[in-house]
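Reader: I should like to examine how certain terms are assigned in this structure. Please set each value against its criterion.

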Amino acid sequence: MAQHSLLVEAINAALEPDMDGRSRLMALLHDAPEYVVGDIISPFKAAVGASYKSVELRLLAAIHLRFGLPPETPAALQRKIKRADRIAAFLEATTLAGFSRTEALRFFGRPEPLPREVLALLRPVSAMEAEAALKARFFELAD
């Protein structure tokens, strides 16, 4: 999950080079509630319904406030983060999880072209390495 968060933030930075540091930090923290409740698959979230989404949003608000961010991610930024999240899912599926390009296109849509330095993040790393990289990026953005 740490590597995914780094990838989403890097995709946002590549697609939105004028994005400020606070917005990039919100992109980096977009899945932070999953650190609390675990990474639950989308079909289960859908089965639980709006109450799960409500808990997730309340957790994200608390995390944002803890790090000096507004409790709610602005709608325009949410759309940018979601776009980067879908691109990350496509890249992770085809590069790391063995999906065919055709299969990934069907699930995630066509990704936008990205610079090589972003694509270089798509390599298997240990959980410890991903955690260290996430912490380092967090402190860069939080300053």
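Reader: Why is the pair lysine 53 and glutamate 56 called a salt bridge?

Author: The term requires a side-chain nitrogen of Lys or Arg within 4 Å of a carboxyl oxygen of Asp or Glu. Between the side chains of lysine 53 and glutamate 56 the N to O distance is 3.6 Å, so the pair satisfies that criterion. The model is a predicted one, in which local features need pLDDT of at least 70 and side-chain atom pairs count only at pLDDT 80 or more, whereas totals for chains, interfaces and linings use all residues. Residues are numbered from 1 along each chain as its sequence is written, and side-chain values use heavy atoms, with hydrogens and water left out.

Reader: Where do lysine 53 and glutamate 56 lie?

Author: Both belong to helix α5 (residues 50-66), three residues apart, about one turn of the helix. Helices here are DSSP runs (H or I, at least four residues), numbered from the N terminus.

Reader: What makes glutamate 56 buried or exposed?

Author: Buried means under 20% relative accessible area, exposed over 50%, and partly exposed in between, with a 1.4 Å probe and protein chains only. Glutamate 56 has 13%, and is therefore buried. Lysine 53, at 45%, is partly exposed.

Reader: How do you know that glutamate 140 and arginine 137 form a salt bridge?

Author: Their side chains meet at 2.6 Å, N to O. Both residues lie in helix α9 (residues 127-142), three residues apart. Glutamate 140 has a relative accessible area of 52% and so counts as exposed.

Reader: What makes the salt bridge of glutamate 16 with arginine 83 a link between distant parts of the sequence?

Author: The closest N and O atoms of glutamate 16 and arginine 83 are 2.8 Å apart. Glutamate 16 lies in the loop between α1 and α2, and arginine 83 in helix α6 (residues 75-95), so the pair ties together parts that are 67 residues apart in sequence. Arginine 83 has 23% relative accessibility and therefore counts as partly exposed.

Reader: Which residues are linked with Glu16 in a network of salt bridges?

Author: The network links Glu16 with Lys80, Arg83 and Glu112. The structure holds eight salt bridges.

Note on methods
Helix = DSSP H or I, 4+ residues; strand = E, 2+ residues; numbered from the N terminus.
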